[in-house]
Structure formats: structure tokens, C-alpha cells
Amino acid sequence: GAAGSQVLTKALPTKFAPPVVFDIRDGETVVGPISHDKTVSLAVSPRDSSIIAVTGWPSVKVNDGIESIWVTMDAGDSWKNATGNILDGVERARPSGLLIIDFVKSQNHSSSSNQDSVSALLVGTTSGAYVSWTDKLGLWTRIGSCDQLPLIMVKGLSYEHFSDTLVAATMGRGVYVMRKAKAILLQMRPDLLEKGFE
């Protein structure tokens, strides 16, 4: 590593499922039915590495336990439960595929607000992708209509800054692309548009 660099470790806000370990019999790995991908997803803000989100579920052996989404604004010193309304109306949300997209106030816009940045927290679930915001944690809104993104498990989310493109990888229904993603997300927050965020 670089001279003077150090690795800091901090506890996660809750216990997540440990990785699945398979038996080895007669030199062969025994692989059983697996219905889940990774048990923990983590995202870090590209603008501010102290903003981190983590989600997962407590067990892959049984389909129960409390699913949760957690956010820290101070690099893990404290955590806020951002699960909020993401579980409303579904038996299992299976939150995964976390992504953070940062928004900053335009330098050409004057406002009385002291807030100069906000981040969108995106998460894939069993019924599509949802967005919440760091200034309104836990208030989730589904991204897109069923025509744009069906009610399907979204396992991965990726954002490419230069083309402003959001990509959602689903389980069994392919990949969905949203161009001009920031403008679409900001349409869900007219108050941020008025304050000059982009």
C-alpha cells in the first residue's frame, strides 16, 4: 500500500447472512439448489466516500428474517435505518443492487438553501428498482412504469456518469437502460429542480 495509508474497519449496523459453505465429498463440491445471489450489497457515494449504503438479509437457508437497508453519512460511525416504506405491499423485497447517484447544485443557480449536494439511493427489489434520497431517507418511490421496467427482481444497478445512463440487470427479463437518468430521477423531486440541482 501507499506510505502512511491505513485500513479502517467499522462494524455493520446489523448481522447479515454468512456466505454459503458447501460440503466437499469424495473430492467433489456438493452444490445444492441456490435461489439467491450475494447476501449483502454495498454502495459508496462517488462524491463523498463517507456516504455508504448496505443491505441484505439475515439468512439464505430460510426465507425469513427482517430485510433492511442502512445508510451512514459519516463512514460508519453511525447508521440510519432507511428501510422505510420499501416493504409496503410485498412479502419479500429482497433488496439488492444498491447504487448511489450524487446531485450537486448548479453554480449558476442562487438559492437561500444551504444544501449544496444530495444523493439518490437506488435499490433493486423483487418488484423493480426504487429510489430514496439522503435528505428523505426511507421514503421510496418506484423508478419507471411497468412498461419501462416490469415488476421483476432487479439484481444489479449501474450508472455511467458521462452518458448519464442507468442500467438495471434483472433476473430472467434481461437488462433495462434508462438514458438521461438524472433528469428522470429529478422529475421525482421537483423541489430539488427548483433549487438548481443537477
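Reader: What makes strand β5, residues 68-72, count as mostly covered?

Author: Five of its five residues are buried, and buried means under 20% relative accessible area, with exposed over 50% and partly exposed in between (1.4 Å probe, protein chains only). Before we go on, this is a predicted model: local features need pLDDT of at least 70, side-chain atom pairs count only at pLDDT 80 or more, and totals for chains, interfaces and linings use all residues. Residues are numbered from 1 along each chain as its sequence is written, and side-chain values use heavy atoms, with hydrogens and water left out.

Reader: Which way do the residues of β5 point?

Author: S68, W70 and T72 point one way, I69 and V71 the other way, and all are buried. In a regular strand the side chains alternate between the two faces of the sheet.

Reader: How do you know that β4 and β5 pair?

Author: Two strands pair if DSSP finds at least two bridges between them. Strand β4 (residues 52-56) shares five bridges with β5, in the antiparallel sense, so the pair meets that rule. One of those partnerships puts V54 opposite W70. The strands themselves are DSSP runs of E with at least two residues, helices are runs of H or I with at least four, and both are numbered from the N terminus.

Reader: And what joins β5 to β6?

Author: Two bridges join β5 to strand β6 (residues 80-81), and the two run antiparallel. W70 turns up again here, with N81 as its bridge partner in β6.

Reader: Which strands are called the edges in the sheet β7-β8-β9-β10?

Author: That open sheet has four strands with antiparallel pairing. The edge strands are β7 (96-104) and β10 (136-142), since each pairs on one side only. The twist averages 25 degrees from one strand to the next, using lines fitted to C-alpha atoms (for helices, over the stretch in contact) and angles from 0 to 180 degrees between N-to-C directions. Inside the sheet, β7 and strand β8 (residues 117-125) pair over seven bridges, and I100 has L121 as its bridge partner in β8.

Reader: Why are β11 and β13 at the edges of their sheet?

Author: The order is β11-β12-β13, an open sheet of three strands with antiparallel pairing. β11 (154-160) and β13 each have a single partner strand, so one side of each is left without a neighbour in the sheet. As for β11 and strand β12 (residues 165-170), six bridges join them, with E160 partnered by T165.

Reader: What makes phi of R94 and K180 stand out?

Author: Most residues other than glycine have a negative phi. Phi of R94 is near 45 degrees, and phi of K180 is near 55 degrees; both are positive values in residues other than glycine. R94 is found in the loop between β6 and β7, K180 in the loop between β13 (175-179) and α1 (181-187).

Reader: Why is R94 called buried or exposed, and K180 likewise?

Author: R94 has 4% relative accessibility, so R94 counts as buried. K180 is at 62%, so K180 is exposed.

Reader: What lines the largest pocket?

Author: The lining divides into 11 nonpolar residues, two polar and no charged. Here Ala, Val, Leu, Ile, Met, Phe, Trp, Tyr, Cys and Pro count as nonpolar, Asp, Glu, Lys and Arg as charged, and the others, Gly among them, as polar. Of the 13 lining residues, the closest to the centre are I143, Q148, L149, V177 and M178. β12 and β13 each supply at least two residues of this lining.

Key: On a 1 Å grid over the protein atoms alone, a cavity is a set of points where a 1.4 Å probe fits but cannot get out, and a pocket is an open set with protein on both sides within 12 Å along at least five of seven lines; lining residues have an atom within 4 Å of a point.
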